[in-house]
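Here is a walk through one protein chain, from the whole fold down to single residues. Keep the viewer open while you read.

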Amino acid sequence: MLAAMFYAPGDLRLEERPIPQPGPGEVLLQVAAATTCGTDLKTFRRGHPLLFRQTPASFGHEVSGTVAATGVGVTKVREGDAVAVANSAPCYQCFYCKRGRYSLCEDLLLLNGTYAEYLLVPARIVEHNLYPLPTDTSFIAAALAEPLACALHGVGASDIHAGDTVIVLGSGPLGLLLTAAATLRGARVVLTGRGEERLRLGTYFGASCVIDVTGMTPQEQYEVVRDQTEKRRGADVVIEAIGTPETWQQAAQLACPGGLVNLFGGCASGTQVTLETRPLHYSELTIKGVFHHTPSYYAQALHLIAERQIDVEALVTRRLPLHAALEAISLLTQKKGVKYALIPPAFASLLDGAVSPD
């Protein structure tokens, strides 16, 4: 099979690899669609301490497809079934799992390898985080359940209520999905970002105000964004979806007294941030980080997609054949497009058709 393999930062290769065979409890997935992710791009640039402990390593983590074969003991799906597969499963046994904090699982099983014609799904994910595809749900939309699940986790942890003002910093795929999820809760969303395509999608996903911060200094951004809040007091919730110390600091400055700051975007390892102490204390701010997703959020994401409540396919700039995986990463490196759907040869018919809103 054709598969993308990560050797080192900046070194991703397309190779012929043996098709794996499923063991007990495992499922062999024939990939129909794999979508690109900002984490893929960051990982391509600098590696990843959790995903790639050894190299070469398989690459990509957003996926859907059909069951090609099942191992002994698998009963929830059969060969030929269309399925969506999450990229992780908690152990349900550790200290954090017993407290219901599944994204903090001490033995969180992570799955990579979606940039390939076949993907071997481990037994634990088959048991806890693999789902039959709802009727009339496209493979490409189903592959996007994973990032939507992360956004739902971020919004769910932010205590957002109808009528709240929410600032989302960053118009990347997760910033856009956070906008959609917060809007679904009845919030008024102010989205900041760069790039005509992404900002247009921000409006499409429900942002009440979209601010292009291109060319603005941090202070100018602060003033313009704060002007969009009632009496300039700041937002009830600020979600940082970029992942730099500078924007983490900016997020804390944009919250109103009693507000919540969600540091959703992951910064590079070893970086630090400085926050002014007075507003943290006297304004009673809540500051928290949110990581990854859980099986319940993944199931919710797939339900919202199946019910057409969030048009996740609007994020896909182009559908490309699997052999163009390196091209997709190159385009993202050049900040061209939002997401790309990689389609293996067996599902080449998915390459046809429009994928963006009018």
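## Two annotated spans

In this predicted model, residues 23–126 are 12% helix and 31% strand, and the C-alpha atoms at the two ends of the span lie 12 Å apart. That stretch carries a label in UniProt: an unreviewed entry lists residues 23–126 as "domain: Alcohol dehydrogenase-like N-terminal". The record also has a second label, again from an unreviewed entry, which puts "domain: Alcohol dehydrogenase-like C-terminal" at residues 173–306. Here the table sets the two spans side by side.

| Span | Helix | Strand | End C-alpha atoms apart |
|---|---|---|---|
| Residues 23–126 | 12% | 31% | 12 Å |
| Residues 173–306 | 43% | 22% | 19 Å |

## The whole chain

Zoom out for a moment. How many helices and strands does the chain have? There are eleven helices and 18 strands. The chain's radius of gyration is 20 Å, close to the 21 Å that the globule rule gives for 358 residues, so the chain is as compact as a globular protein of that length. If you lay the C-alpha trace along its principal axes, it spans about 60 × 45 × 40 Å.

Now for what is inside. Of the 358 residues, 53% are buried. Take the contacts between residues with a separation of 6 or more, and 68% of those turn out to join residues 24 or more positions apart.

## Empty space

Rolling a probe the size of a water molecule over the atoms shows where empty space is left. Counting cavities of 30 Å³ or more gives one, and the largest cavity holds about 30 Å³ of space. Its lining is made up of Thr39, Asp40, Thr43, Leu51, Phe52, Phe59, Gly60, His61 and Asn112. Sorted by class, that lining has three nonpolar, five polar and one charged residues.

Then there are the pockets. The second largest pocket contains about 340 Å³ of space. It has 24 lining residues, and the ones nearest its centre are Ser58, Asn112, Gly113, Leu119 and Leu120. Which strands help to line this pocket? Strand S1 (2–8), strand S4 (57–58), S8 and S9 each give at least two residues to the lining. By class, the lining of the second largest pocket splits into 19 nonpolar, four polar and one charged.

Thr114 is worth a click too. You'll find Thr114 in the loop between strand S8 (109–110) and strand S9 (118–121). Is Thr114 buried or exposed? Thr114 has a relative accessibility of 1%, so it counts as buried, the limit being under 20%. Setting aside residues up to four places away in sequence, Thr114 touches Val31, Ala34, Phe59, Gly60, His61, Glu62, Val63 and Leu119. Phe59, Gly60 and His61 may ring a bell, as they are among the residues that line the largest cavity.

## Backbone oddities

A few spots in the backbone deserve a closer look. The peptide bond from Thr55 to Pro56 is cis, with omega near 0°. Pro56 sits in the loop between helix H1 (38–46) and S4.

Asp159 isn't a glycine, yet its phi is positive, at about 55°. Look for Asp159 in the loop between helix H4 (145–156) and strand S11 (165–169). Lys335, also not a glycine, has a positive phi of about 60°. Lys335 belongs to the loop between helix H11 (325–333) and strand S18 (339–343). With 70% relative accessibility, Lys335 counts as exposed, because the cut-off for that is over 50%.

## Two more residues to find

Start with Asp11, which is part of strand S2 (residues 11–16). Asp11 has a relative accessible area of 24%, so it is partly exposed. Phe44 is 33 residues away along the chain, but the C-alpha atoms of Asp11 and Phe44 are separated by 7.4 Å. Beyond its neighbours within four places in sequence, Asp11 is in contact with Met5, Phe6 and Phe44.

Finish with Ser208, in the loop between helix H6 (196–204) and strand S13 (209–212). Not counting residues up to four places away in sequence, Ser208 touches Arg188 and Val189. From Ser208 to Gln228 you move 20 residues in sequence, and their C-alpha atoms are 9.9 Å apart in space.

Definitions and conventions: Residues numbered from 1 in each chain as written. Predicted model: local features only at pLDDT ≥ 70, side-chain atom pairs only at ≥ 80, totals over all residues. Heavy atoms only, no water. UniProt positions renumbered as here; feature names shortened; annotations may be inferred. Helix = DSSP H or I, 4+ residues; strand = E, 2+ residues; numbered from the N terminus. 1 Å grid on protein atoms, 1.4 Å probe; cavity = no way out; pocket = protein on both sides within 12 Å on 5 of 7 lines; lining within 4 Å. Points joined across faces, edges and corners; volume = space filled by probe spheres on them. Nonpolar A, V, L, I, M, F, W, Y, C, P; charged D, E, K, R; others polar. Buried < 20%, exposed > 50% of the residue type's maximum accessible area, 1.4 Å probe, protein only. Contact = heavy atoms within 4.5 Å. Rg over C-alpha atoms; globule rule 2.2 N^0.38 Å.
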